[in-house]
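Student: I am new to this structure and would be grateful for a close look at one part of it. Could you take the helices that contribute to the core and explain how they are placed?

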Amino acid sequence: MSEAEGRHGQASPQAGAPIERSGAVVQHDVNGTRVIVAHGEYDLNNLGPLAEAMETAAAKQQRIVLDISGVTFADSTFLNLLLRINHQTSLRLVAPAPQFQRVLEITGADSVLDIRASVEDANSP
């Protein structure tokens, strides 16, 4: 596997760029809605910062948009977080990778979670 490939053989966004193995979280507001952007890999060991950001936003916001287009790996703890937050507020997921989309379909979570193609679409009524 080359340096430009991630954990599961997927090319990183920029060939030769460092691979983000631990989850990274960026937050901002768009038209009064909290948008959280998740990058990298998420599992039991590094889910904390994302969980904290989502729980804080869920306590204050009626809707959260979570852009997961940059998530390269996510285990069941990530899926459980999404389902838990969805019970607390309106959660809209943006652009899951095909592998994670398949997990959502297999588990039936795609029928519970609101999945959108873009942040702009997720921010619409």
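Tutor: The account below begins with the whole chain and then turns to helix H1, helix H2 and their surroundings.

The model is a predicted one. Its protein chain contains four helices and five strands, and along the sequence these follow the pattern β-β-α-β-α-β-α-β-α. The chain has 125 residues, of which 39% count as buried. Contacts often reach across the sequence: among those between residues at least 6 apart, 60% join residues at least 24 apart. The exposed surface of the chain amounts to about 6800 Å², and carbon and sulfur atoms supply 51% of that area.

Helix H1 covers residues 48-60. Its 13 residues reach 19 Å from the first C-alpha to the last, which is close to the 18 Å expected at 1.5 Å a residue. The buried residues of H1 are Leu 50, Ala 51, Ala 53, Met 54, Ala 57 and Ala 58. Viewed down the axis of H1, these buried residues fall within an arc of 165 degrees, so they line one face of the helix. Pro 49, Glu 52, Ala 59 and Lys 60, on the other side of H1, are exposed. The cover over the buried residues of H1 includes strand E1 (24-30), strand E2 (33-42), strand E3 (63-74), H2 and E4.

Helix H2, at residues 76-88, also has 13 residues and reaches 19 Å between its first and last C-alpha, close to the expected 18 Å. Buried in H2 are Phe 78, Leu 79, Leu 81, Leu 82, Ile 85 and Asn 86. Down the axis of H2, the buried residues lie within an arc of 155 degrees, so they too line one face of their helix. E2, H1, E3, E4 and H3 are included in what covers them.

These two helices can now be followed into the nonpolar core. As a general matter, nonpolar side chains in soluble globular proteins tend to be buried together. The largest nonpolar core here has 26 residues, and those touching the most other members are Leu 50, Met 54, Leu 66, Phe 78, Leu 82 and Leu 91. Two or more residues are given to this core by each of E2, H1, E3, H2, E4 and helix H3 (98-107). H1 provides the largest share, six residues. Apart from this core lies another, of six residues, among them Val 35, Val 37, Val 65 and Val 119.

Met 54 of H1 offers a closer view of the larger core. Leaving aside residues up to four places away in sequence, Met 54 touches Ile 36, Ile 64, Leu 66, Leu 81, Leu 82, Ile 85 and Leu 91. Of these, Leu 81, Leu 82 and Ile 85 are among the buried residues of H2.

Phe 78 leads from H2 towards H3. At 0% relative accessibility, Phe 78 counts as buried because it falls under the 20% limit. Phe 100 is also buried, with a relative accessible area of 10%. The count of aromatic pairs comes to two. Phe 78 and Phe 100 form an edge-to-face pair, with 5.3 Å from centre to centre and 70 degrees between the planes. This pair links distant parts of the chain, since Phe 78 is in helix H2 and Phe 100 is in helix H3, 22 residues apart. Ring pairs join Tyr 42 with Phe 78 and Phe 100 into a cluster.

The loops complete the picture. Thr 89 is in the loop between H2 and strand E4 (90-94), and it is buried, with a relative accessible area of 9%. Beyond residues up to four places away in sequence, Thr 89 touches Ala 58, Gln 61, Gln 62, Arg 63 and Ile 64. Ala 58 is one of the buried residues of H1.

Two further loop residues stand out by their backbone angles. Most residues other than glycine have a negative phi. Asn 31, in the loop between E1 and E2, has a positive phi near 50 degrees, and this residue is exposed, with a relative accessible area of 75%. Ala 95 lies in the loop between E4 and H3. Its phi is also positive, at about 50 degrees, but Ala 95 is partly exposed, with a relative accessible area of 26%.

Note on methods: Residues numbered from 1 in each chain as written. Predicted model: local features only at pLDDT ≥ 70, side-chain atom pairs only at ≥ 80, totals over all residues. Heavy atoms only, no water. Buried < 20%, exposed > 50% of the residue type's maximum accessible area, 1.4 Å probe, protein only. Contact = heavy atoms within 4.5 Å. Areas by Shrake-Rupley, 256 points an atom, 1.4 Å probe, with all protein chains shown as cover. Expected span 1.5 Å × (residues − 1). Arc of directions from axis to C-beta. Core = buried A, V, L, I, M, F, W, Y, C linked by side-chain atoms within 4.5 Å. Phe/Tyr/Trp six-rings, centres within 6.5 Å; stacked < 30°, edge-to-face > 60°.
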